[in-house]
Amino acid sequence: MNLNLVLVLILCAALLALVFRHYRIPIRHRWRRRRAREMCEQLRGRDRDQPAGIHYARLRAMDPLAFEELLLEAFERRGHRVIRNRRYTGDGGVDGEVIIAGERWLIQAKRYRDAIRPEHVRDFAQLCATRRRRGLFIHTGRTGGMSRAVVDGATGIEIVSGQRLLALLTGAPFSPEPPPQRFPIGPGRTGYRDRAPQ
């Protein structure tokens, strides 16, 4: 009789844990995750071969927080471990994290209709440098010259947009760029340069 009582208590505790886990995620978060899963299935399935302009229009029309979830869902479907924030607001500029080949990447997601703002890229680059992590700045807009200059001057930040963004979402081949190789300047000197010796 005691064994049955213990089994019933264990079963009740397991059910309570499942219910708590399900309801710990607010309804709005569950809706956004569900919307992201649906969109991911469509982009990888029946809508995969639609023109790029239609894909961009759909992405730009998404709820911005559902777009963040879509990116995290796309990484999960590629077999990468994703670390979600506990809340959407007050995330400190990081919309999630993904572990790729053992390396932890910070993610910033922006749904732009026009050119991205260089100050957003600069802020994210500084955040990545502070946390000593590489970062993926993923967006739906255009990358202007000033934003490219910020990325070129930063270490470990990468912009994902255009065809690379569509590749990530549709299941086509995608991987972050490897970090630049650094070669010693020469004997007796300190510092590095980002190109191979000549």
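Here a trainee and a mentor talk through a predicted model of one protein chain.

Trainee: Let's start with the overall layout. How many helices and strands are there in the chain?

Mentor: Reading along the sequence, you pass through the pattern α-α-α-α-β-β-β-α-β-α-β-α-β-β. Counting up the elements gives seven helices and seven strands.

Trainee: What percentage of the residues counts as buried?

Mentor: The chain exposes about 12,500 Å², with carbon and sulfur atoms supplying 54% of that area. A residue needs under 20% relative accessible area to be called buried. Of the 198 residues, the share that counts as buried is 37%.

Trainee: Now the sheet, please. In which order do the five strands of the open sheet stand?

Mentor: Strand 1 (81-83) and strand 5 (157-160) stand at the edges, each with a single partner strand, so one side of each has no neighbour in the sheet. Neighbouring strands are turned by 25 degrees against each other on average, direction ignored. The pairing is mixed, and the order is 1-2-3-4-5.

Trainee: Do strand 3 and strand 4 run parallel or antiparallel?

Mentor: Strands of a sheet pair through backbone hydrogen bonds, in either a parallel or an antiparallel way. Between these two strands you can find Q108 with its bridge partner F137 in strand 4, and W105 standing opposite R134. Six bridges join strand 3 to strand 4, and their direction is parallel.

Trainee: What is the handedness of the β-α-β crossover from strand 3 to strand 4?

Mentor: Follow the chain from strand 3 through helix 5 to strand 4. Helix 5 lies across strand 2, strand 3, strand 4 and strand 5, and runs at about 155 degrees to strand 4. The crossover is right-handed.

Trainee: Helix 7 also lies across some strands; at what angle does helix 7 run to strand 5?

Mentor: Look at strand 4 and strand 5, which helix 7 lies across. Relative to strand 5, the angle of helix 7 is about 80 degrees.

Trainee: Which residue takes a positive phi in the hairpin of strand 2 and strand 3?

Mentor: Strand 2 and strand 3 run antiparallel and are joined by five bridges, and I100 has E103 as its bridge partner in strand 3. Two residues sit between the strands of this hairpin. One residue there has a phi near 50 degrees without being a glycine, and its relative accessible area is 81%, so this residue is exposed. That residue is A101.

Trainee: R132 has a positive phi as well; is R132 buried or exposed?

Mentor: R132 is not a glycine, yet its phi is about 55 degrees. You will find R132 in the loop between helix 5 (118-131) and strand 4 (134-139). The cut-off for exposed is over 50%, and because R132 reaches 76% relative accessibility, R132 counts as exposed.

Trainee: One last topic, the aromatic rings. Is the pair of F75 and F174 stacked or edge-to-face?

Mentor: By the pairing rule the chain has two aromatic pairs. A pair of aromatic rings is described by the distance of the centres and the angle of the planes. For F75 and F174, the centres are 6.2 Å apart and the planes stand at 65 degrees. Planes over 60 degrees apart count as edge-to-face, so the pair of F75 and F174 is edge-to-face.

Trainee: How many residues apart are F75 and F174 along the chain?

Mentor: F75 belongs to helix 4 (residues 64-77), whereas F174 is in the loop between helix 7 (162-170) and strand 6 (183-184). F75 is buried at 1% relative accessibility, and F174 is buried at 14%. The pair links distant parts of the chain, and the separation is 99 residues.

Notes: Residues numbered from 1 in each chain as written. Predicted model: local features only at pLDDT ≥ 70, side-chain atom pairs only at ≥ 80, totals over all residues. Heavy atoms only, no water. Helix = DSSP H or I, 4+ residues; strand = E, 2+ residues; numbered from the N terminus. Buried < 20%, exposed > 50% of the residue type's maximum accessible area, 1.4 Å probe, protein only. Areas by Shrake-Rupley, 256 points an atom, 1.4 Å probe, with all protein chains shown as cover. Phe/Tyr/Trp six-rings, centres within 6.5 Å; stacked < 30°, edge-to-face > 60°. Pairing = 2+ DSSP bridges. Axes fitted to C-alpha atoms, helices over the stretch in contact; angles between N-to-C directions. Contact = heavy atoms within 4.5 Å. Right-handed = clockwise from strand over helix to strand, strands pointing away.
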